[in-house]
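Reader: I am in my first year and still learning to read models like this one. Please take me through one part slowly: the nonpolar core. Then show me how the rest of the chain fits around that picture.

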Amino acid sequence: AEGDDIKVEPILPDDQPLTDELLAARAKVALGHETIPDYLVSRDGKTALVYARIKPGIDAPPNAQLIVAETRKVLAELAGGDHVFHLTGGPVINDAFRESSQTDLQKLVPVLLLMVGVFLFVSLRRLGGLVLPFVIIALSAAGSVALGGLLGIELTSITFVIPEVMIAVCVSDSVHVLASFYRARKQGMTRRVAAEHTLTKNFLPTLLTSVTTAAGFYSFATANLKPVSGFGVLAGTGTLLAWLLTYFVLGPLMVLWPGREPSSGGAASEESLDVATPRSRAFVGFVERWRRVILVGFAVATVGAAVVSTRNTVNSDPYKYFRTGYPMRDAQDFILSHLNGVSGFEIVVDAGQEDGIKDPAFLKKVEAFEKRATSIVGITKAVSIVDIIRQTNRSLHGDDPAFYELPKDRETIAQELFLYTMSL
C-alpha cells in the first residue's frame, strides 16, 4: 500500500530484466504466500501451473478437440530448453475419451470381426454361414449409428461401443437361424422349404430373446447421464433392428444364396429334424456322467467370483480410466505428485441481500465454510474472496501479519473491496 492506494504488480514484471536477484526475491514472495504454493507453484519452485478458462458453450458445448489441438500447437512452439509441458484439464479429458475410443475402435473391431469370422466358419462350415451374418452386422451397425445421428445422440466413449454390441447381437441371431437352416438342408430340404422351417421354428425364441435384450438396454435410457441414456436407446433399438434384419434380409438371402438343390422337396424329412444328433446325444451323456463334478465346479467358481467381487470399488475418477503411459494420465499423475492436483469446482454463496458480501457476519460464514472444505478428504486447497480481503487488509496496515484477518466493520470491508477492484 502507498497511502490510501494499493499497488498491484505482476510477480514477474515486464518492464525490467529478470535477474537472478529479482527472481530469488520474487520466488521468496511466491513461496511465502498463503495461497500460491501448491496452487499455482509447487513448494520446491520447480513446477508452475498455467490456467486457461474455457468460454461457456451457450448453443453447444466447447469444442474440446479443437481446443486441445490448438493448445498442442502452442506448446510445440514453446518446446525446447529445460522445461516440460503437461497438458490436462476438462477439455483434455473429453478429447482423450474421443481419441482413445477411436483408436480402440480401429484396433478392436477388426480383431473382433476376425474372431467372429473364425467362429462362424468353424461352427457352420459354409461360405454362406460366414458371409450372411456379416451382412446383418453391417446393416445393424450402420442403422444404429444412423439413428444416433437422426436423434442427435452424440458419439461418446460409451456410445462408441455400439458396433461391438451389434456384432454380438447379430451373431447370436444369425447363428440360431443358420444352424437350423443348414441342418434342414443336410436332411435334404430345398432352400425355400428349409428357410420356411427355420424361420417358423425360431420365430418366437429369437423374438423373445431380442425383446428382452432390448428391454434391458432401454432401461439405461432412464439414466440422468446423457451418454448412458443415449447408449440405451441406440443399443435397444439396434437389437430390435437386428432381429428384423435377420428375418427380412437374412431369411430371403438364405433362399437366394447360390447352391445345388436336392432332387426332391424333402418335406417328409422335417420330422427327422426333431431327432437329436449324435453330437448332441454325446454332449448330454457327458453332462449326465459328470454332473456332480460340474455342479461342484460351478458352485466353487460362483463363490470365488462373489468373494472377488467384494474387492470392487465404485470410482468415477476419469483419469484412472486410462492406463499409465497415456499422456493425459501421466500429466495428471505428475501434477498430483508435485502440486496436489488441479481438478476443482466453484461454489457460489448467496448472501441473501444486496451488497451482502460487505457484511462481516456473512464473510465469517464463508471463512468458516472455506476452512471446513479443506478438511474434506480429497480437497487440498480452497480459495475465496475472504483470502483477497485478508491480504488487502494486511497491505493497508504496513504488511503486518497480525492484520491478515477480516475487518470487523462493514465500512472497512467495502472500502478495501473498492480499493482492490479499482487497483486492478
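Author: Here is the core, with the chain as a whole set out beforehand and some single residues afterwards.

Keep in mind that this is a predicted model. Begin with the chain. It has 13 helices and 0 strands. Read along the sequence, the pattern is α repeated from start to end: α-α-α-α-α-α-α-α-α-α-α-α-α. The C-alpha trace spans about 110 × 50 × 45 Å along its principal axes. Now take the radius of gyration. For the chain it is 34 Å, while a compact globule of 424 residues would have one near 22 Å. Of the 424 residues, 30% are buried. The accessible surface comes to about 27,400 Å², and carbon and sulfur atoms account for 62% of that. Contacts also tell you something. Take those between residues at least 6 apart in sequence: 64% of them join residues at least 24 apart.

Now the part you asked about. In soluble globular proteins, nonpolar side chains tend to be buried together. The largest nonpolar core here has 35 residues. Which of them touch the most other members? They are Val 165, Leu 178, Leu 250 and Met 254. Several helices supply this core. Those giving two or more residues are H3, H4, H5 (162–186), H6 (191–218) and H7 (226–256). Helix H5 gives the largest share, with 12 residues.

Look closely at Leu 178. Set aside its neighbours within four places in sequence. What does Leu 178 then contact? Two of its partners have come up already: Leu 250 and Met 254. The others are Leu 124, Gly 129, Leu 132 and Pro 133.

There is also a second core, separate from this one, with 9 residues. Among them are Val 68, Ile 93, Tyr 326 and Met 328. Tyr 326 has another role to note. Together with Phe 97, Tyr 321 and Phe 322, Tyr 326 forms one aromatic cluster. Across the whole structure, a search finds 10 aromatic pairs.

Phe 322 leads on to a charged residue. Arg 329 touches Phe 322, and also Tyr 319, Lys 320, Arg 323 and Thr 324, not counting residues up to four places away in sequence. Arg 329 is found in helix H10, residues 327–339. Is Arg 329 buried or exposed? Its relative accessible area is 15%, so Arg 329 counts as buried, the cut-off being under 20%.

Compare that with Arg 125. This residue lies in the loop between helix H3 (90–124) and helix H4 (127–151). Arg 125 counts as exposed because its relative accessibility is 57%, and the cut-off is over 50%. Its phi is near 55°, a positive value in a residue other than glycine. Then consider Arg 126. Its charged end sits over the ring of Tyr 182, 5.0 Å from the ring's centre.

One more loop residue belongs here. Asp 399 is found between helix H12 (385–395) and helix H13 (410–423). Asp 399 is not a glycine, yet it has a positive phi of about 60°. With a relative accessible area of 52%, Asp 399 is exposed.

Terms used
Residues numbered from 1 in each chain as written. Predicted model: local features only at pLDDT ≥ 70, side-chain atom pairs only at ≥ 80, totals over all residues. Heavy atoms only, no water. Helix = DSSP H or I, 4+ residues; strand = E, 2+ residues; numbered from the N terminus. Buried < 20%, exposed > 50% of the residue type's maximum accessible area, 1.4 Å probe, protein only. Phe/Tyr/Trp six-rings, centres within 6.5 Å; stacked < 30°, edge-to-face > 60°. Lys NZ or Arg CZ within 6 Å of the ring centre and 35° of its normal. Rg over C-alpha atoms; globule rule 2.2 N^0.38 Å. Contact = heavy atoms within 4.5 Å. Areas by Shrake-Rupley, 256 points an atom, 1.4 Å probe, with all protein chains shown as cover. Core = buried A, V, L, I, M, F, W, Y, C linked by side-chain atoms within 4.5 Å.
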